[in-house]
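Here's a two-chain model to poke at. Can we talk through how the chains meet and what a few local spots look like?

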Amino acid sequence: MSNNFDCRHARLEIGGDPQVQSPELDAHLATCAACTQFRAETLALDARLRAAFELSLTEFRKPASKAPPARRFALAASVVLALLVGGGAWLFRPQAALAADVVDHVTHEPDSWQGHDPVSPELLAAVLARAGVHYDIRLPVIYASPCPFRGHIVPHLVVQTDRGPLTVMVLEHVKNEPEGRFTEGEYRGIVMRAGAGSIAVVARNDQDFDGALKDVLDGVR
Amino acid sequence: MNPRPRGTTAPSAFTRLLETLRPDLVRFAFWLARDRAVAEDVVQETLIRAWKSRDELKDTAAARPWLLTIVRREHARLYERKRLPTVDVDQVEALGDPALASDGDAGLEDLRRAILQLPDEYREPLVLQVLGGLSTSEIAAELKLTQAAVLTRLFRARNRLRTIYGLPPAEDAE
């Protein structure tokens, strides 16, 4: 045992990091019952500390009381109806660049279509909160990711419908693009205004797009 | 067309990784901020920042400390940006948070309240060590302190909590 390593040093080392035992401390403990007991007590305290830090997250699932209210991304029933009654009628073709960008984004995340299990409410909330939007939907969301798009972070969601998955991108910053349907490569979609911005809904060509779109829009609360 | 960032981790795999680690990030942020709403804001910002910087994470095994570092920085940035007032330890809102409750274990709840009342300079290294799993040298690097200073702070943090646990405090390390 080093002459310089006394009980004070031992307790500092134990209290600082009870899981680690230096050779000096080891040697000291071999001759000091009081410090051995101190270490045993500190290890027991640490077990309690670990349990104390492991808070139940059930309580965290409730909305935080001080969180700022999210802006609601409401889809007016009349807008939905107009789109659906219009059937295949093209309102205005969205600027090709926007449709191309949406499809390009979707194309680069092929895994987004592969999910089966709904994402956690926490992840979905985090993705939506970053955009400051509220998007209530009854259908399961199987993919949720905050994605860079045209200089903004936007929620990229994939919603599972009875007719297959649909991608929904909430484009709050897209305010002046014409609404309308588009076909780009293997994908079909629609850009429509919602809330203060727009949303883009994209399906693969082999899907019943109108049916799936209706499922999504019907599912919006 | 916009160029999209491409990382070593596929986007969907990275999303799953974030989802897996999120509970620990929320806990970590809560113990730092002592306020649930602030903790949730911090974690949301952390997830976004992590997503944007995902190319920097070369080894997913290092994801946890990497994310904890981002949480710490986002927490500091939040206070800097919003100029949130420093809260007196007796007025910490989280002291009444139902998340502190522990079924049938009042001692654990007392310990949680005692941790919340530790000064920041003691609580932060303790959270990094016990919850974050960082070594004292890693904490020293994270907090820009010497390892000796970290050891002293951790010793004092535990020393204050010993009394809550019904143990006599040790002589101070000064």
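What follows is a short set of questions and answers on this predicted model.

Q: How many residues of chain A are in contact with chain B, and how many of chain B with chain A?
A: Contact here is judged on C-beta atoms placed from the backbone, with a cut-off of 7 Å. On that basis, the two sides of the interface come out at 50 residues of chain A and 47 residues of chain B.

Q: Which element supplies the largest share of the side of chain A that touches chain B?
A: Several elements of chain A each give at least two residues to that side: α1 (7-16), α3 (33-53), α5 (96-107), α6 (121-131) and β3 (141-149). By class, the side of chain A that touches chain B has 22 nonpolar, 10 polar and 18 charged residues. The largest share, 11 residues, comes from α3(A).

Q: How do α3(A) and α5(B) lie relative to each other: roughly parallel or roughly perpendicular?
A: Helix α5 of chain B covers residues 120-131, and its axis sits 10 Å from that of α3(A), at an angle of about 95 degrees. Angles of 65 to 115 degrees count as roughly perpendicular. So the two helices, α3(A) and α5(B), are roughly perpendicular.

Q: Which residues of α5(B) make the contact with α3(A)?
A: By class, this contact has 5 nonpolar, no polar and 2 charged residues. From α3(A) come A:D46, A:L49, A:R50 and A:F53, and from α5(B) come B:V127, B:V130 and B:L131.

Q: Why is α1(A) largely enclosed by the rest of the structure, and what in chain B helps cover its buried residues?
A: α1(A) is largely enclosed because 7 of its 10 residues are buried. Those are A:A10, A:R11, A:L12, A:E13, A:I14, A:G15 and A:G16. The cover includes α2 (23-29) and α3 of chain A, together with, from chain B, α6 (136-143) and α7 (147-164).

Q: What pattern does chain B follow along the sequence?
A: Chain B has 7 helices and 0 strands. Of its 174 residues, 40% count as buried. Among its contacts between residues at least 6 apart in sequence, 60% join residues at least 24 apart. Read along the sequence, the pattern is α-α-α-α-α-α-α.

Q: In what sense do β7 and β8 of chain A pair, and over how many bridges?
A: Strand β8(A), residues 197-204, is mostly covered, with 7 of its 8 residues buried. One partner is β5 (residues 164-171) of chain A, antiparallel over 5 bridges, and A:L171 stands opposite A:S198 of β8(A). Another is β7 (residues 187-194) of chain A, where A:G189 stands opposite A:V202 of β8(A). The pairing of β7(A) with β8(A) is antiparallel, over 8 bridges.

Q: Is B:R34 buried or exposed?
A: Most residues other than glycine have a negative phi. B:R34 isn't a glycine, yet its phi is positive, about 60 degrees. This residue is found in the loop between α1 (11-33) and α2 (36-52) of chain B. B:R34 has 22 C-beta neighbours inside 10 Å, so the verdict is buried.

Q: And B:K144, buried or exposed?
A: B:K144 also has a positive phi without being a glycine, at about 55 degrees. B:K144 lies in the loop between α6 and α7 of chain B. With 7 other C-beta atoms within 10 Å, B:K144 is exposed.

Terms used:
Residues numbered from 1 in each chain as written. Chains lettered and ligands numbered in written order. Predicted model: local features only at pLDDT ≥ 70, side-chain atom pairs only at ≥ 80, totals over all residues. Helix = DSSP H or I, 4+ residues; strand = E, 2+ residues; numbered from the N terminus. Nonpolar A, V, L, I, M, F, W, Y, C, P; charged D, E, K, R; others polar. Buried ≥ 20, exposed ≤ 12 C-beta atoms within 10 Å, placed from the backbone. Pairing = 2+ DSSP bridges. Axes fitted to C-alpha atoms, helices over the stretch in contact; angles between N-to-C directions. Parallel < 35°, antiparallel > 145°, perpendicular 65-115°, else oblique.
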